[in-house]
Amino acid sequence: MKSNPGNTASHSFLLLKVSRHFETEKSLRGQGAIREQLGLSCLRILTDNSLVEWKELGDEESAGNEWEEKKMRRRKDFLVRRIELAKHFLRTNVDPEWMVLCLLPVLPPELRPIIPISGGNLE
């Protein structure tokens, strides 16, 4: 088996690039990870891909299996909801990552309203 020196160099470069990516990549969890994924998504591509998949599902012939038909109908409904949501974000010029809260404002205890408990005495 012949080795290709160009292939080895490109392979090494790819490994170096991947390892640098993981060194600089911070591990996100919870809202940070969700916010980042929403920020990376391209709504136009998502809409186009969903529309293509919806058309492909419509072109498929019915298998005659009730379970498969339900599964296909659920997927098509999901794709329609996804397309409508993406179009709404595009139309209103709202970034999807804005749906995730970064800061949760909390009033200090001194400013919180005191709600009396019925039947209780606050004295």
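Let's start at Asp77, which sits in helix α4, the stretch covering residues 66-92. Keep in mind that you're looking at a predicted model. Is Asp77 buried or exposed? The answer lies in between: its relative accessible area is 42%, and the label "exposed" calls for over 50% while "buried" calls for under 20%, so Asp77 counts as partly exposed.

Now look for Trp54. Along the sequence, 23 residues separate Trp54 from Asp77. In space, the C-alpha atoms of these two residues are 9.0 Å apart.

Stay in helix α4 and find Lys71, which has its place there too. Lys71 has a relative accessibility of 41%, so this residue is also partly exposed. Which residues join Lys71 in a patch of positive charge? They are Lys70, Arg73 and Arg74, and together with Lys71 they gather on the surface.

Time to zoom out to the whole protein chain. What is it built from? There are four helices and zero strands, so if you trace the chain from the N terminus, the elements read α-α-α-α.

How much of the chain is tucked away? Of its 123 residues, 9% are buried. The accessible surface adds up to about 11,200 Å², and carbon and sulfur atoms own 58% of that.

Finally, think about which parts of the chain touch each other. Take the contacts between residues with a separation of 6 or more: 64% of them link residues that are 24 or more positions apart.

Notes
Residues numbered from 1 in each chain as written. Predicted model: local features only at pLDDT ≥ 70, side-chain atom pairs only at ≥ 80, totals over all residues. Heavy atoms only, no water. Helix = DSSP H or I, 4+ residues; strand = E, 2+ residues; numbered from the N terminus. Buried < 20%, exposed > 50% of the residue type's maximum accessible area, 1.4 Å probe, protein only. Contact = heavy atoms within 4.5 Å. Areas by Shrake-Rupley, 256 points an atom, 1.4 Å probe, with all protein chains shown as cover. Patch = residues over 30% accessible without salt bridge, like charges linked within 9 Å, V, L, I, M, F, W, Y side chains within 5 Å. Salt bridge = Lys/Arg side-chain N within 4 Å of Asp/Glu carboxyl O. Lys, Arg positive; Asp, Glu negative; His and termini not counted. Charge placed at Lys NZ, Arg CZ, Asp CG, Glu CD.
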